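Grab a pencil and work through these exercises with the structure open beside you. Try each task yourself before you read the solution.

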Amino acid sequence: MSPLPGSGLAKGLAVTLRTMTKKTVTAQYPDAQPELPPRSRGVIGLFEENCTVCMLCARECPDWCIYIDSHKETVPAAAPGGRERSRNVLDRFAIDFSLCMYCGICIEVCPFDALFWSPEFEYAETDIHELTHERDKLRDWMWTVPAPPALDPGAEEPKEIAAARKTADKLAAAEAQEQAEAEAQAEAQAEAQARAGAQAEPTEPQARPSDPQAEPPTDPRGGAS
Ligand code: SF4
Ligand code: SF4
């Protein structure tokens, strides 16, 4: 059966009427900033201190867009008679975001928690070369990485935090002891100086027998004696 003339128009108007009363979902970016989930995949931040240059991220990246250069350095033995060690020193760490497909594999495979997602996404460039972010820029992105979610109540403290607290407590105790020692030393020095000063004070000169030819002492009030 052929549709009634004008039924298509009526259907279209019905859809318009139904949706025109609903809340709009269009985000007016860039006039209004979008509300993104904190774990959005915007850009990758590098926490350089944790990176051991193991190259795992660069090897696993499906796009081969992570560039790492490093050299080896010899570290002297920690104790006399010990062996020298060698360690990798990072020279370059860059990610080409014009190639990156935001799969997150590099972040997943990093065994040392050196890479993090940041929700920042406003880094469009007119020159494609500018989309290769070098280590300084990747480090700056770390400031935009949100803090991890709070632990469940009653959860065990992570061992990294416990170890960091222990080290901080030890340092604080050593500092307090050093300060107390310095104060005690300063006090002892001040006491020794005070004692030396007291011993060096001049004694009262003894009265000498008066010289018979000497002039008689004048009266301080001006009168004759
Ligand atoms: S997110 Fe994926 S594509 Fe991008 S750098 Fe990491 S591993 Fe490579
Ligand atoms: S996997 Fe992690 S530690 Fe290894 S090179 Fe990449 S960022 Fe550095």
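**Exercise 1.** Decide whether Cys103 is buried, partly exposed or exposed in this predicted model.

*Solution.* Start by counting: Cys103 has 13 C-beta neighbours inside 10 Å. Now bring in the cut-offs: buried takes 20 or more, and exposed takes 12 or fewer. The count of 13 falls in between, so Cys103 is partly exposed. To find Cys103 in the model, look in the loop between strand 3 and helix 3 (105-109).

**Exercise 2.** Do the same for Cys106, then list what Cys106 touches.

*Solution.* First, place Cys106: this residue sits in helix 3. Next, count again: Cys106 has 22 C-beta neighbours inside 10 Å, so it counts as buried. Finally, leave out residues up to four places away in sequence, and the contacts of Cys106 are Cys57, Glu60, Cys61, Ile66 and Leu115.

**Exercise 3.** Work out why the residues of the UniProt "binding site" feature gather at one spot.

*Solution.* Begin with the record: the unreviewed UniProt entry puts this feature at Cys61, Cys100, Cys103 and Cys106. Along the sequence they span 46 residues. In space, though, no two of their C-alpha atoms are more than 10.5 Å apart, so they come together at one spot.

Then turn to ligand 1. Its surroundings hold 13 residues, and the ones that come nearest are Cys61, Cys100, Cys103, Ile105 and Cys106. Sort the shell by type and you get 11 nonpolar residues, 1 polar and 1 charged.

**Exercise 4.** Draw the open sheet and say which strands stand at its edges.

*Solution.* Write down the order of the 3 strands: 2-3-5, with antiparallel pairing. Strand 2 (66-75) and strand 5 (132-133) each have a single partner strand, so one side of each has no neighbour in the sheet, and these two are the edges. Now add detail to one pairing: strand 2 and strand 3 (residues 85-96) run antiparallel over 10 bridges. For an example you can find by eye, pick Ile68, whose bridge partner in strand 3 is Phe93.

**Exercise 5.** Hunt for backbone oddities: which peptide bond is cis, and what are the phi values of Met55 and Tyr102?

*Solution.* Take the cis bond to begin with. The bond joins Tyr29 and Pro30, with omega at about 5°. Pro30 belongs to the loop between helix 1 (7-20) and strand 1 (43-46).

Move on to Met55, which isn't a glycine but has a positive phi near 70°. Met55 is in the loop between strand 1 and helix 2 (56-60). With 12 other C-beta atoms within 10 Å, Met55 is exposed.

Tyr102 isn't a glycine either, and its phi is positive at about 60°. Look for Tyr102 in the loop between strand 3 and helix 3. Its 13 C-beta neighbours inside 10 Å make Tyr102 partly exposed.

**Exercise 6.** Check the length of helix 1, then ask how many of its residues are buried.

*Solution.* Helix 1 has 14 residues and reaches 20 Å from first C-alpha to last, close to the 20 Å expected at 1.5 Å a residue. The number of buried residues among those 14 is 0, so helix 1 lies largely in the open.

Last, zoom out to the protein chain. Count up 5 helices and 5 strands, which run α-β-α-β-β-α-β-β-α-α from the N terminus on. Across the 225 residues of the chain, buried ones make up 10%.

Notes. Residues are numbered from 1 along each chain as its sequence is written. Chains are lettered from A and ligands numbered from 1 in the order in which they are written. This is a predicted model: local features need pLDDT of at least 70, side-chain atom pairs count only at pLDDT 80 or more; totals for chains, interfaces and linings use all residues. A residue is near a molecule or strand if its C-beta atom, placed from the backbone, lies within 6 Å of it. Ala, Val, Leu, Ile, Met, Phe, Trp, Tyr, Cys and Pro count as nonpolar, Asp, Glu, Lys and Arg as charged, and the others, Gly among them, as polar. Two strands pair if DSSP finds at least two bridges between them. Helices (H or I, at least four residues) and strands (E, at least two) are DSSP runs, numbered from the N terminus. UniProt positions are given in the numbering used here, feature names are shortened, and annotations may be inferred rather than shown by experiment. Two residues are in contact if their C-beta atoms, placed from the backbone, lie within 7 Å. The expected span of a helix is 1.5 Å times one less than its number of residues.
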